[in-house]
Amino acid sequence: NTFRGWVQSRTNFPQEAVERKIQGRVSLTFIVEPDGSVTNVTVVKGVDPLIDNEAVKAIKASPKWSPGLQRGKAVRVRFLIWLNFVI
């Protein structure tokens, strides 16, 4: 929830989307690499390219994470997150 709040606070709702009353929930996946970087940000279920692109941009701007560990070794981990865009 902390990460979701961080992303929501850094996501800009495009003015054109507001004017066209486009809103909804964008579902994204991404991978946290062993070095903590975020890669492979993908829209699983989008609403409209205007807000889908804003969601992707916010996730890509994420600072490095603490990587997942398996048997003491850093490993890749896939995450799924939903972002709400409401007028």
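Leaving aside residues up to four places away in sequence, Thr 11 touches Glu 54, Ala 58 and Phe 85 in this predicted model. Thr 11 itself sits in a loop, with α1 (2–9) on one side and α2 (15–19) on the other. Its relative accessibility comes out at 14%, and since the cut-off for buried is under 20%, Thr 11 counts as buried because of that value. The side chain of Thr 11 also reaches back to Val 7, whose backbone oxygen is 2.6 Å away.

One of the contacts of Thr 11, Phe 85, leads on to the strands. Phe 85 belongs to β5 and is the bridge partner of Gly 24. The two strands involved, β1 and β5 (residues 77–85), pair in the antiparallel sense, with 9 bridges between them. Strand β1 covers residues 24–32, and 7 of its 9 residues are buried, so the rest of the structure largely encloses it.

β1 has another antiparallel partner in β2 (residues 38–45), to which 5 bridges join it. Here Ser 27 can be picked out, with Lys 45 of β2 as its bridge partner. β1 and β2 make up a hairpin, and 5 residues lie between the two strands. In the turn of that hairpin, Gly 36 has a positive phi of about 95°.

Taken along the chain, then, β1 pairs with β5 through 9 bridges and with β2 through 5 bridges, while Phe 85 serves both as bridge partner of Gly 24 and as a contact of the buried loop residue Thr 11.

How values were computed. Residues numbered from 1 in each chain as written. Predicted model: local features only at pLDDT ≥ 70, side-chain atom pairs only at ≥ 80, totals over all residues. Heavy atoms only, no water. Helix = DSSP H or I, 4+ residues; strand = E, 2+ residues; numbered from the N terminus. Buried < 20%, exposed > 50% of the residue type's maximum accessible area, 1.4 Å probe, protein only. Polar contact = N/O pair within 3.5 Å; in protein donor to acceptor, adjacent residues only side chain to side chain. Contact = heavy atoms within 4.5 Å. Pairing = 2+ DSSP bridges.
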